[in-house]
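Subject: The structure I promised you

Hi,

Here is the structure we talked about, ready for you to open. Have a look at it first, then read my notes below with the viewer beside you.

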Amino acid sequence: MMQWRIGKVTVTRIVELEAVGGSKFILPDAPPEACREIAWMAPHFMDEQGRLRMSVHALVIDTGDRRILVDTCIGNDKERSVPAWSNLQTRFLDDLEAAGYPVESIDTVLCTHLHEDHVGWNTRWVDGRWVPTFPNARYLFAEREWAYWSEAEDDGYGPVIDDSVRPVVDAGLAVLVGDEAVLCDEVRLQPTPGHTPGHVSVVIESEGQRALITGDFVHHPCQ
């Protein structure tokens with residue numbers, strides 16, 4: 001677990017999966033020989049051989065008044081075409097609670113976009129169906145992002161929308177927002193389309209300090 005302070009706001013990282021290497025498909029211009037030239041990335045962001053450290057993680061924004069969970073990773077029990085992501089059995093919810101954030105305490109879930117590794121823990125399998133994981137939260141999806149994926153064909157990663165997004169919509173917990181929405185005094189969205197049509201990043205500002213949660217606008221510090 002890593003934690004940062006931005007003014008009075010605390011941001012906590014909850015990791016679901018970590019791996020070294022295997023980043024060529026998404027960062028083809030960052031082979032080990034090139035990464036080794038960026039010495040400051042070792043050991044936290046690459047190993048001694050220059051292989052990148054990649055992680056799938058969520059971030060909790062705690063303002064004191066709000067607990068906002070940004071991106072919900074891959075999730076357990078879900079069929080995905082990526083073998084390493086299919087039918088996971090991780091301790092993500094236990095780790096979230098151990099960090100001080102049981103599921104009942106989360107008041108907002110924000111997905112920067114609707115790819116499979118950013119929406120998985122939106123739901124969990126209970127009594128033979130997918131149900132929202134965070135019962136007291138409102139789930140925020142950018143309007144443009146939902147408009148695209150709600151009409152898209154299977155994206156090749158498995159039934160992501162059907163098992164991780166539609167159950168939230170059907171439960172009445174989803175709120176569609178503009179891509180410059182203000183969530184509270186300290187947190188607002190910033191449009192960063194490209195990776196997906198309605199991708200958003202998250203701006204945090206408090207007591208003169210500022211941070212940006214990029215989602216997949218940026219995948220690794222080497223960029």
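One term before we start: two strands count as paired if DSSP finds at least two bridges between them. Keep in mind, too, that this is a predicted model.

**The four-stranded sheet**

With that term in hand, look at R188, which stands opposite V203 in β12. The strands here are β11 (residues 187-191) and β12 (residues 200-206), which pair in the antiparallel sense over 5 bridges. They belong to an open sheet of 4 strands in the order β10-β11-β12-β13, with antiparallel pairing. At its edges you'll find β10 (182-184) and β13, each pairing on one side only. On average, neighbouring strands of this sheet are turned by 25 degrees against each other, direction ignored.

Between β12 and β13 there is a loop, and E207 sits in that loop. E207 isn't a glycine, yet its phi is positive, at about 50 degrees. Is E207 buried or exposed? With 65% relative accessibility, E207 counts as exposed.

**The seven-stranded sheet**

The other sheet to find is an open one of 7 strands, ordered β1-β2-β3-β4-β5-β8-β9, and its pairing is mixed. β1 and β9 are the edge strands with a single partner each, so one side of each has no neighbour in the sheet. The twist from one strand to the next averages 25 degrees.

Let's walk through some of the pairs:

- β3 and β4 (residues 67-70) run antiparallel and are joined by 4 bridges; V60 has L69 in β4 as its bridge partner.
- β5 (residues 108-110) and β8 run parallel, with 3 bridges between them; T108 has R138 in β8 as its bridge partner.
- β8 and β9 (residues 174-177) pair in the parallel sense over 4 bridges; here L140 stands opposite V175 in β9.

Why is β8 described as largely enclosed by the rest of the structure? Because 4 of the 5 residues of this strand (residues 138-142) are buried.

V11, in strand β2, is a good residue to click on. V11 is buried, with a relative accessible area of 4%; the cut-off for buried is under 20%. Leaving aside neighbours within four places in sequence, V11 is in contact with M2, Q3, W4, I6, L59, V60, I61 and I204. You met V60 above as the bridge partner of L69. For a sense of scale, V11 and V160 are 149 residues apart along the chain, and their C-alpha atoms are separated by 27 Å.

**Loops and a hairpin**

D71 is in the loop between β4 and α2 (92-98). Like E207, with its positive phi, D71 has a positive phi, near 65 degrees, in a residue other than glycine. D71, however, counts as buried, at 5% relative accessibility.

Then there is G178, in the loop between β9 and β10. G178 is partly exposed, with a relative accessible area of 32%. Neighbours within four places aside, G178 is in contact with E143 and L189. From G178 to L140 the C-alpha distance is 9.7 Å, with their positions 38 residues apart in sequence.

Next, the hairpin. β6 (residues 123-126) and β7 (residues 129-132) pair in the antiparallel sense over 4 bridges, and W125 stands opposite W130 in β7. This hairpin has 2 residues between the strands, and D127 takes a positive phi near 50 degrees.

Which peptide bond is cis? The one from A42 to P43, with omega near 5 degrees. You'll find P43 in the loop between α1 (32-35) and β3.

**The largest pocket**

Rolling a probe the size of a water molecule over the atoms shows where empty space is left. The largest pocket has a volume of about 1600 Å³. Its lining takes in 44 residues, and M54, S55, V56, H57 and H219 lie nearest the centre. By type, the lining residues divide into 24 nonpolar, 13 polar and 7 charged.

Which element gives the largest share of this lining? That's β3, with 7 residues. The elements that each supply at least two lining residues are β1 (2-6), β2 (9-20), β3 (53-62), α3 (116-119) and β13 (209-213).

That's my tour. Happy clicking!

Technical notes. Residues are numbered from 1 along each chain as its sequence is written. This is a predicted model: local features need pLDDT of at least 70, side-chain atom pairs count only at pLDDT 80 or more; totals for chains, interfaces and linings use all residues. Side-chain values use heavy atoms; hydrogens and water are left out. On a 1 Å grid over the protein atoms alone, a cavity is a set of points where a 1.4 Å probe fits but cannot get out, and a pocket is an open set with protein on both sides within 12 Å along at least five of seven lines; lining residues have an atom within 4 Å of a point. Grid points are joined across faces, edges and corners, and a volume is the space filled by probe spheres set on the points. Ala, Val, Leu, Ile, Met, Phe, Trp, Tyr, Cys and Pro count as nonpolar, Asp, Glu, Lys and Arg as charged, and the others, Gly among them, as polar. Axes are lines fitted to C-alpha atoms, for helices over the stretch in contact, and angles run from 0 to 180 degrees between N-to-C directions. Buried means under 20% relative accessible area, exposed over 50%, partly exposed in between (1.4 Å probe, protein chains only). Contact means heavy atoms within 4.5 Å.
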